Amino acid sequence: MSRPFQCSKCRNWYTPIPVSEEDYCWSCREGKHAPHHKTGVIDCHFGQTSSTPSEIKMVGIVATIKDAITAVEGGDIRSAEVAFALAEKARGEVTDVVRWATVMEMPGTLGESSTTRFKNIDALIALVADKRRPPEDLAMVRRTMRFCDEMAAEIPLLMADLRTNIGALRASVQGESKTEKKVAVAA
């Protein structure tokens with residue numbers, strides 16, 4: 001599964017979208033991409049679209065949990081406990097992120113009531129059917145829902161690995177401290 005990612009060149013977030021093999025970037029083909037005015041880097045994002053806030057948050061949650069697993073594997077109990085706490089906090093945000101993945105903020109409605117500003121997928125389907133919103137909006141919300149659901153499905157397995165690893169680390173640290181106390185008493 002292609003995931004949303006942050007471009008290392010422009011630092012914006014993008015999500016890969018399917019394109020047919022016959023489609024291609026005209027600017028790339030003709031060599032007409034303008035280099036960035038400061039860096040000189042040519043950065044083409046053909047076949048990608050801007051990521052939604054829900055996609056970005058879900059990628060961040062998964063990354064936080066994976067970072068916690070790495071910290072626990074490092075063996076330092078203090079950094080492992082901090083990383084575990086951050087992972088638990090991030091896991092707690094999954095439900096809200098998945099719920100907001102089904103919502104689209106209507107452009108130009110900043111300062112309006114929440115019912116005017118935010119439309120859930122059912123309202124968006126009705127707006128597209130009435131030709132009051134483009135079908136691309138509905139496709140974007142469906143894509144966001146799919147990505148967030150797929151990433152959310154991974155989180156229980158990652159958390160299980162994290163809990164197993166931190167349990168083993170805690171047990172080894174307790175075993176070491178008991179051994180040290182026995183040595184201190186014997187001395």
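Buried means under 20% relative accessible area, exposed means over 50%, and partly exposed lies in between. The structure in these exercises is a predicted model.

**Exercise 1. A salt bridge within one helix**

Task: Classify Asp96 and Arg99 by accessibility, and find how their side chains meet.

Solution:
1. Arg99 has a relative accessibility of 46%, so Arg99 counts as partly exposed.
2. Asp96, at 42%, also counts as partly exposed.
3. The two side chains meet in a salt bridge, with 3.1 Å from N to O.
4. Asp96 and Arg99 are 3 residues apart in helix α4, so about one helical turn separates them.
5. An α-helix has 3.6 residues a turn, so residues three or four places apart point the same way.

**Exercise 2. A salt bridge between distant parts of the chain**

Task: Which parts of the chain does the pair Glu154 and Arg3 link?

Solution:
1. The side chains of Glu154 and Arg3 form a salt bridge of 2.1 Å, N to O.
2. Glu154 belongs to helix α7, whereas Arg3 lies in the segment before β1 (5-6).
3. The two residues are 151 residues apart, and the pair links distant parts of the chain.
4. Glu154 has a relative accessible area of 27% and is partly exposed.
5. Arg3, at 22%, is likewise partly exposed.

**Exercise 3. Other salt bridges**

Task: Is Asp137, a salt-bridge partner of Arg133, buried or exposed?

Solution:
1. In the salt bridge of Arg133 with Asp137, the closest N and O atoms are 2.5 Å apart.
2. The relative accessible area of Asp137 is 11%.
3. This value is under 20%, so Asp137 is buried.
4. Elsewhere, Glu88, Arg91 and Arg163 are linked in a network of salt bridges.
5. The count of salt bridges in the model comes to 10.

**Exercise 4. The two sides of α3**

Task: Where around the axis of α3 do its buried residues Ala80, Ala83, Phe84, Ala87 and Ala90 lie?

Solution:
1. Helix α3 has 16 residues, and from its first C-alpha to its last it reaches 22 Å, close to the 22 Å expected at 1.5 Å a residue.
2. In this helix, Ala80, Ala83, Phe84, Ala87 and Ala90 are buried.
3. They cover an arc of only 125° around the axis, so they are on the same side of α3.
4. On the other side, Arg78, Val82, Lys89 and Gly92 are exposed.

**Exercise 5. The nonpolar cores**

Task: Which element gives the most residues to the largest nonpolar core?

Solution:
1. The largest nonpolar core has 26 residues, and Met58, Ile61, Ile65, Ile155 and Leu162 have the most contacts inside it.
2. The elements that give two or more residues to this core are α2 (53-74), α3 (77-92), α4 (94-100) and α7 (135-186).
3. The most comes from α7, with 10 residues.
4. A second, separate core has 8 residues, among them Met104, Met106, Ile121 and Leu124.
5. In soluble globular proteins, nonpolar side chains tend to be buried together.
6. Beyond its neighbours within four places in sequence, Ile61 is in contact with Ala90, Arg91, Glu93, Val94, Val97 and Ile155.

**Exercise 6. A polar residue in a strand**

Task: With which side chains does the side chain of Thr15 make polar contacts?

Solution:
1. Thr15 is part of strand β2, residues 13-16.
2. Its relative accessible area is 0%, so Thr15 is buried.
3. One polar contact, of 2.7 Å, joins Thr15 to the side chain of Ser51.
4. Another, of 2.8 Å, joins Thr15 to the side chain of Glu55.
5. Leaving aside neighbours within four places in sequence, the residues in contact with Thr15 also include Pro4, Gly47, Arg143 and Phe147.

Conventions: Residues are numbered from 1 along each chain as its sequence is written. This is a predicted model: local features need pLDDT of at least 70, side-chain atom pairs count only at pLDDT 80 or more; totals for chains, interfaces and linings use all residues. Side-chain values use heavy atoms; hydrogens and water are left out. A nonpolar core is a set of buried Ala, Val, Leu, Ile, Met, Phe, Trp, Tyr and Cys residues joined through side-chain atoms within 4.5 Å. Buried means under 20% relative accessible area, exposed over 50%, partly exposed in between (1.4 Å probe, protein chains only). Helices (H or I, at least four residues) and strands (E, at least two) are DSSP runs, numbered from the N terminus. Contact means heavy atoms within 4.5 Å. A salt bridge is a side-chain nitrogen of Lys or Arg within 4 Å of a carboxyl oxygen of Asp or Glu. The expected span of a helix is 1.5 Å times one less than its number of residues. The arc is that of the directions from the helix axis to the C-beta atoms. A polar contact is a pair of N or O atoms within 3.5 Å; within protein, one must be able to donate a hydrogen and the other to accept it, and residues adjacent in sequence count only if both atoms are side-chain atoms.
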